[in-house]
Amino acid sequence: MPPVFRFFSPCFVLRRLHDGDVGLSVLMTTLKNPVLMATVGAAQGLRGEVRVRTYTADPMALGDYGNLRSLDGRVFEILEIREAKNVVIVRFRGVNDRNAAEALNGLELYVDRDALPDGDLEDDEFYYADLEGLDVYDNAGQHYGAVSAVFDFGAGDLLEIKGPGKRPVLIPFSETAVLEIDLESGRLLIDPVAAGLEEERKTPRRKGSDLSGSDEE
């Protein structure tokens, strides 16, 4: 299963590169729409293995979408992968000793968006990368900006929304706050009250009325 978002499901962030990111011009020569899949961590043992944090719903699916690429244009083929606590242990082709493995620490690895199969998604599943850039509106047509990032800090998924000249705000990525996602038109419909962007408007009571709705004498 590739990296997806399902309402109320614990998933990691899958993000695109943005204009101005270091190395974007290099990577774009090989990938049209790069999507971050994993970050390499510390070396594991002496055989060239590394600890890798994946951004896939199934960590063992990291190698299912073709070779991975780094910002400097290098290509990484997974030869072996196994699960460990919070990470996977990976051996890449050509990385054969601890020194070579240590040199990869902190390296981010990408695939092209076209490598991710849309047919595997259910109606309530979305790739995080596809949500970034969607314009955010409410039912009244008010524009709140665009989705600039998706986060999971452990207590539920959050959307970061950034409007022109405004500071970014975070809203819950839930069925009550996010009413509709239209990838074709590039729009996302929210309930601003459930999203925490507006306070609920209370209907004022008539003067002299009680809770039952009858007027006082």
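# A strand-rich predicted model

The protein has three helices and 15 strands. What you see is a predicted model, so please read everything below in that light. Of its 217 residues, 40% are buried. Contacts between residues 24 or more positions apart make up 54% of those with a separation of 6 or more. The exposed area comes to about 12,400 Å², and carbon and sulfur atoms supply 48% of that area.

**Two nonpolar cores**

- The largest nonpolar core holds 24 residues, and the members that touch the most others are Val40, Val52, Leu68 and Phe92.
- Four elements give two or more residues to this core: strand E2 (34–44), strand E3 (49–54), strand E7 (87–92) and strand E8 (108–112).
- E2 provides the largest share, with five residues.
- A second core is separate and has 18 residues, among them Phe126, Leu131, Tyr144 and Val178.
- Val52 is a good residue to click on if you want to explore the largest core. Once its neighbours within four places in sequence are set aside, Val52 is in contact with Ala38, Thr39, Val40, Gly41, Leu62, Val87, Val88 and Val90.

**Strand E7 and its partners**

- All six residues of E7 are buried, so the strand is largely enclosed by the rest of the structure.
- In a regular strand, side chains alternate between the two faces of the sheet. In E7, Val87, Ile89 and Arg91 point one way, while Val88, Val90 and Phe92 point the other way. Both sets are buried, and that includes Arg91.
- E7 is joined to E3 by three bridges, and the two strands run antiparallel. Here Val50 sits opposite Val90 of E7.
- Strand E6 (residues 78–84) also pairs with E7 in the antiparallel sense, over six bridges. Glu83 has Val88 of E7 as its bridge partner.

**The E6–E7 hairpin and Asn86**

- Two residues lie between the strands of the hairpin formed by E6 and E7.
- Asn86 belongs to the loop between these two strands. Its phi is positive, at about 70 degrees, although Asn86 is not a glycine.
- Asn86 has a relative accessible area of 68%, so it counts as exposed. E7, in contrast, has six of its six residues buried.

**The six-stranded sheet**

- Six strands make an open sheet with mixed pairing, in the order E13-E12-E11-E10-E15-E14.
- Strand E13 (169–172) and strand E14 (178–182) are the edge strands; each has a single partner, so one side of each is left without a neighbour in the sheet.
- On average, neighbouring strands in this sheet are turned by 35 degrees against each other, with direction ignored.
- Within the sheet, strand E10 (residues 135–137) and strand E15 (residues 187–190) run parallel and are joined by three bridges. Val136 stands opposite Leu188 of E15.

**Buried polar side chains**

- Arg113 is placed in the loop between E8 and strand E9 (125–126). Its relative accessibility is 9%, so Arg113 counts as buried.
- Which side chain does that of Arg113 meet in a polar contact of 2.8 Å? The partner is Asp130.
- Asp130 is part of helix H3 (residues 128–131). With a relative accessible area of 15%, Asp130 is buried too.
- Arg113 can also be placed relative to Tyr65: the two are 48 residues apart along the chain, and their C-alpha atoms are separated by 9.7 Å.
- Thr54 is found in strand E3, and its relative accessible area of 5% makes it buried. The side chains of Thr54 and Thr56 are joined by a polar contact of 3.5 Å.

Definitions and conventions. Residues are numbered from 1 along each chain as its sequence is written. This is a predicted model: local features need pLDDT of at least 70, side-chain atom pairs count only at pLDDT 80 or more; totals for chains, interfaces and linings use all residues. Side-chain values use heavy atoms; hydrogens and water are left out. A nonpolar core is a set of buried Ala, Val, Leu, Ile, Met, Phe, Trp, Tyr and Cys residues joined through side-chain atoms within 4.5 Å. Buried means under 20% relative accessible area, exposed over 50%, partly exposed in between (1.4 Å probe, protein chains only). Contact means heavy atoms within 4.5 Å. Two strands pair if DSSP finds at least two bridges between them. Axes are lines fitted to C-alpha atoms, for helices over the stretch in contact, and angles run from 0 to 180 degrees between N-to-C directions. A polar contact is a pair of N or O atoms within 3.5 Å; within protein, one must be able to donate a hydrogen and the other to accept it, and residues adjacent in sequence count only if both atoms are side-chain atoms. Accessible areas come from the Shrake-Rupley method with a 1.4 Å probe; for residues, only the protein chains shown count as cover.
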